[in-house]
Amino acid sequence: MVRLFRPPILEDGVVTVADSGTGQGSVISPLLGNVYLHYVFDLWAERWRRQEARGDMIIVRYADDLVAGFEHEGDARRLLDAMRERLEAFSLSVHPDKTRLIEFGRHAAADRKKRGAGRPETFAFLGFTFICGKSRRRAFQLQRKTRRDRMRAKLQEIKAELRQRMHRTISDQGRWLRQVVTGHFAYYAIPTNSRALSAFRHYVADLWRRTLRRRSQKDGFTWDRMTKLGNDWLPPPRIRHPWPDQRFCPEVLPTPPSIIQLGCVVRLMFVTRSTVTDFATSLSATPTSPRPTPTR
């Protein structure tokens with residue numbers, strides 16, 4: 001137990017023991033962070049909602065990521081100021097580069113157009129980019145897309161691993177790539193994200209083709225052959241998760257206009273989020289996130 005709370009740190013051949021905090025990557029760090037934030041933020045935010053909020057408000061935290069949304073912009077600004085004071089009391093601070101107050105929701109695009117502003121801003125949460133979009137019927141639709149930086153990083157990992165497996169058999173490479181693509185789809189195969197799924201599968205197939213071409217100077221891997229090989233080994237890009245309203249069937253709530261995205265220097269990312277049904281349920285419908293509890 002002592003090593004969990006005070007792990008030794010090896011740096012430049014010198015072993016030291018930290019007096020505070022837990023080791024980066026330690027198995028107990030997420031657990032302690034959850035317990036700590038429950039008392040530092042969760043209970044405090046619930047009291048603030050009951051006593052200070054003037055409109056609808058919802059806050060959802062997953063591990064050290066948090067999203068909160070408000071019906072009124074004034075509530076969002078006042079919570080941001082109060083949160084700065086709250087975090088400072090526990091020797092934490094809000095990261096200026098990760099802190100944003102944005103207008104988001106069903107009426108954000110129309111309101112910004114009246115003011116001559118651009119399209120509503122987007123924000124990232126749990127590996128997805130949340131966008132104010134429109135459905136095929138031109139109605140408001142909260143769209144979730146795979147974050148570009150996450151997809152790019154994953155493709156770089158696949159490229160490096162394929163080079164290590166370059167001279168293995170095609171069937172061995174295919175089995176490994178099938179597991180990788182299946183795992184990616186298991187998380188990201190949500191509604192409104194089909195284009196990103198197709199793009200990921202295409203790029204994986206292209207990386208595989210380039211790896212196979214490097215094995216010999218006699219290049220025989222045309223795209224026709226690669227397409228057949230991909231169909232044999234790579235799963236098709238299909239949506240595997242239901243729409244949020246089908247999964248939870250939540251109570252209908254009004255759409256708020258403001259969202260805050262917050263972050264701390266301790267890699268805590270607080271994102272304020274709105275009380276809208278489609279917004280709240282969409283956030284909660286990400287494969288690893290818990291169901292939010294809408295508040296009024």
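Two strands count as paired if DSSP finds at least two bridges between them. Keep that cut-off handy for this predicted model.

**Exercise 1. Work out how strands β3 and β4 pair, and which residue of β4 stands opposite Arg61.**

Solution. Start with the ranges: β3 covers residues 57-62 and β4 covers residues 65-70. The two pair in the antiparallel sense over six bridges, and the cut-off is at least two. Next, pick out the partner: Arg61 stands opposite Leu66 in β4. Finally, check the turn: the hairpin has two residues between the strands, and Ala63 takes a positive phi near 55° there.

**Exercise 2. Decide why β4 is largely enclosed by the rest of the structure.**

Solution. Recall that side chains in a regular strand alternate between the two faces of the sheet. So take β4 one face at a time, with buried meaning under 20% relative accessible area. On one side sit Asp65, Val67 and Gly69, all buried. On the other, Leu66, Ala68 and Phe70 are buried too. That makes six of six residues buried, so β4 is largely enclosed.

**Exercise 3. Describe how helices α2 and α3 cross and what kinds of residues meet there.**

Solution. Geometry first: the axes of α2 (residues 29-51) and α3 (residues 73-88) come within 12 Å and cross at roughly 145°. The crossing is right-handed. Now the residues: α2 brings Trp44 and Trp48, among others, to meet a set in α3 including Leu79 and Met83. By class, the contact has nine nonpolar, no polar and four charged residues.

**Exercise 4. Find what share of the chain reaches a pLDDT of 70 or more.**

Solution. The share is 75% of the residues, and the chain mean is 79. Then look at the weak spots: over residues 262-279 the pLDDT is below 50, though this stretch has 105 contacts beyond near neighbours in sequence in the model.

Notes:
Residues are numbered from 1 along each chain as its sequence is written. This is a predicted model: local features need pLDDT of at least 70, side-chain atom pairs count only at pLDDT 80 or more; totals for chains, interfaces and linings use all residues. Side-chain values use heavy atoms; hydrogens and water are left out. pLDDT is the predictor's confidence in each residue, from 0 to 100. Contact means heavy atoms within 4.5 Å. Buried means under 20% relative accessible area, exposed over 50%, partly exposed in between (1.4 Å probe, protein chains only). Helices (H or I, at least four residues) and strands (E, at least two) are DSSP runs, numbered from the N terminus. Axes are lines fitted to C-alpha atoms, for helices over the stretch in contact, and angles run from 0 to 180 degrees between N-to-C directions. A crossing is left-handed if the near helix is turned anticlockwise from the far one by less than a right angle, and right-handed if clockwise. Ala, Val, Leu, Ile, Met, Phe, Trp, Tyr, Cys and Pro count as nonpolar, Asp, Glu, Lys and Arg as charged, and the others, Gly among them, as polar.
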